[in-house]
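Colleague: I would like a close look at a single part of this model. Please take me through the spaces enclosed inside.

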Amino acid sequence: MTKPSLPELLHAAVAAVGGTERPGQVAMAEAVAQAIDDGTHLLVQAGTGTGKSLGYLVPALAHGDRVVVATATLALQRQLVERDLPRTVDALHPLLRRRPEFAMLKGRSNYLCLHRLHEGVPQEEEDGLFDPFEAAAPTSKLGQDLMRLRDWSDETETGDRDDLTPGVSDRAWGQVSVSSRECLGASKCAYGAECFAEAARERAKLAEVVVTNHALLAIDAIEGAPVLPQHEVLIVDEAHELVSRVTGVATGELTPGQVNRAVRRAAKLVDEKAADQLQTAAEGFERLMELALPGRLQELPEDLAYALMALRDAARTVITALGNTRDRSVQDEDAVRKQAMASVENVHAVAERIANGSEYDVVWYERHDRFGASLRVAPLSVSGLLRDKLFADRSVTLTSATLKLGGDFNGVGASLGLAAEGVEGEDLPVWKGIDVGSPFDYRKQGILYVARHLATPGREGSRTDMMDELAELIEAAGGRTLGLFSSMRAAQAAAEELRGRLGVPVLLQGEDTLGELIKAFANDAETCLFGTLSLWQGVDVPGPNCQLVVMDRIPFPRPDDPLMSARQKAVEEAGGNGFMAVAATHAALLMAQGAGRLVRATGDRGVVAVLDPRLANARYGSFLRASMPDFWYTTDRHQVRRSLAAIDQAAKAEASV
């Protein structure tokens, strides 16, 4: 039997999921197959509606080697594992004459820990174990969550938190889960044979396709201890998120609360001298943190350096003592010891990293209204790490609807550690970029309107003219508005103001769960939804109920953002344009994602309105506009109101039929 061709396989898979084959999808599948065969790397921009998951799954399954697919969002992981992969495997089975297995793999804390569930959580204030089921009042929300988790543990096959609906609070989940550092290990744990996390790992080892998240991919790359099975092909979907997720995993934090928790956990297991040394160091660190002012630390102040070295040395003493002593009077000593070791090792690692003061790290203080001050450290850049760890031993395909910024892939490529496209040299990964387009006719389906007549937004203060403009646009649209704001304060101010002025409901992020807010917005044409970052990327409302997407201003990073400003400065010191490489690229990515909320289906019509004149007037405006979908562009406020009113009337007429 001859080997089936890629077009045959793609055709069968598309038919199985009830989709329509699109030219962009075919072009993507061919490019992915070529990159896998050549062992090279590919960046694919595939617009909404292209069907990009099949565009990479079909060539990957046809190749036959193990594939890891990493995504940023839970929604896409679920779609792949519950819908796309089962149907695709069924469709390809007769043609490939094999049935590829697939599995989902997440970090250990995403799975229910049977040891924690049955034996309790190591208690910090006194010896023994704390049983959360006895301690939590059965009538309290925590108590009800815990009882539900106990019942669920008997029926779940996966132990995966995301399979529990409705979900439970982070506090409740924390009582029945462990981090990888706290885990006893299957061989030492009484429940090792039934462990959900271990079972997920075993399934992944046997699977041809392993679906995971960016964070686990980052841990696998950074920590050197493999958590993902060996694989020949890596596909990163939602790749525009990868750099920020890897940065998050590579960021360390120290807070007084966290250090004091480590002290309490270790105190009962080590001698008094070691415990006192750590307690004294913790008290010194806490006193300093009470005076900490937010902002970057270009150099470590002498008192902070001293406090960190004291913490580091005391933590090292405790780690040695924890390894050398046994105390049979402590109930379930192994679990208590493991939790204490995890806490102290983290304090040691972060204190040592900051005290050592690498030129490749950025250190800063943060202050939070509820949680107080924290000391944070993050890599100045993750590009070198990604180049060395991600692209070295496998073919990598990265895909997203937004990878071309300002008209090419080089900005995103640079953030991933790739040289400019076409530049070759020793140790430089070979890659190419391809834009397979979109099935949507953006110029006919959407308008990009820039309110050129408004005042340039300042850092603070009210924007009366912007509020008036926003109110008029929403009135013309008859509601149907997704408001994307650069800060939560701006979203709240707009919601407060417009609830008093307009006769349409205005929902605000934070007043209910995101899922419920989006559902309410999608179900009522007159409703508006205002919010910040997660709305710029996480809303999928096709149809007439989202016909106006408003951005209050260009979403540049805050000038006082320590990490972004440090990255910008580093580019400038190397002779580059720091503003364009960091601030403008950050804004372009968000604006491309935000504008992508408007057209989600072939029948969608509407307006993206940017209430910031700099998009029309500033030199960098053309770079930002080139990163957004190719909508018809105007700065005519009267034209846009007429267009919105016409779209609203057409939607109402259709709804009444």
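Which helix gives the most to the lining of the second largest cavity, and with how many residues?

Modeller: Keep in mind that this is a predicted model. The answer is α10, which gives the most to that lining, with five residues.

Now the setting. The structure holds two cavities of 30 Å³ or more. The second largest has about 60 Å³ of space. Three helices each supply at least two residues of its lining: α10 (214-222), α11 (242-249) and α16 (383-390). Look at the residues themselves. His-214, Leu-217, Ala-218, Ala-221 and Ile-222 line this cavity. So do Leu-242 and Val-246. Leu-385, Leu-386 and Leu-390 complete the lining. By class, nine of these residues are nonpolar and one is polar. None is charged.

Next, set the largest cavity beside it. About 250 Å³ of space lies there. Its lining has 21 residues. Cys-113, His-115, Val-178, Cys-183 and Leu-184 are the closest to its centre. Two helices, α5 (114-119) and α15 (333-356), each supply at least two lining residues. The largest share comes from α5, with three residues. The classes here are 14 nonpolar, four polar and three charged.

So put the two linings side by side. Charged residues number three in the lining of the largest cavity, while the lining of the second largest cavity has none. For the helices, remember α5 for the largest cavity and α10 for the second largest.

Notes:
Residues numbered from 1 in each chain as written. Predicted model: local features only at pLDDT ≥ 70, side-chain atom pairs only at ≥ 80, totals over all residues. Heavy atoms only, no water. 1 Å grid on protein atoms, 1.4 Å probe; cavity = no way out; pocket = protein on both sides within 12 Å on 5 of 7 lines; lining within 4 Å. Points joined across faces, edges and corners; volume = space filled by probe spheres on them. Helix = DSSP H or I, 4+ residues; strand = E, 2+ residues; numbered from the N terminus. Nonpolar A, V, L, I, M, F, W, Y, C, P; charged D, E, K, R; others polar.
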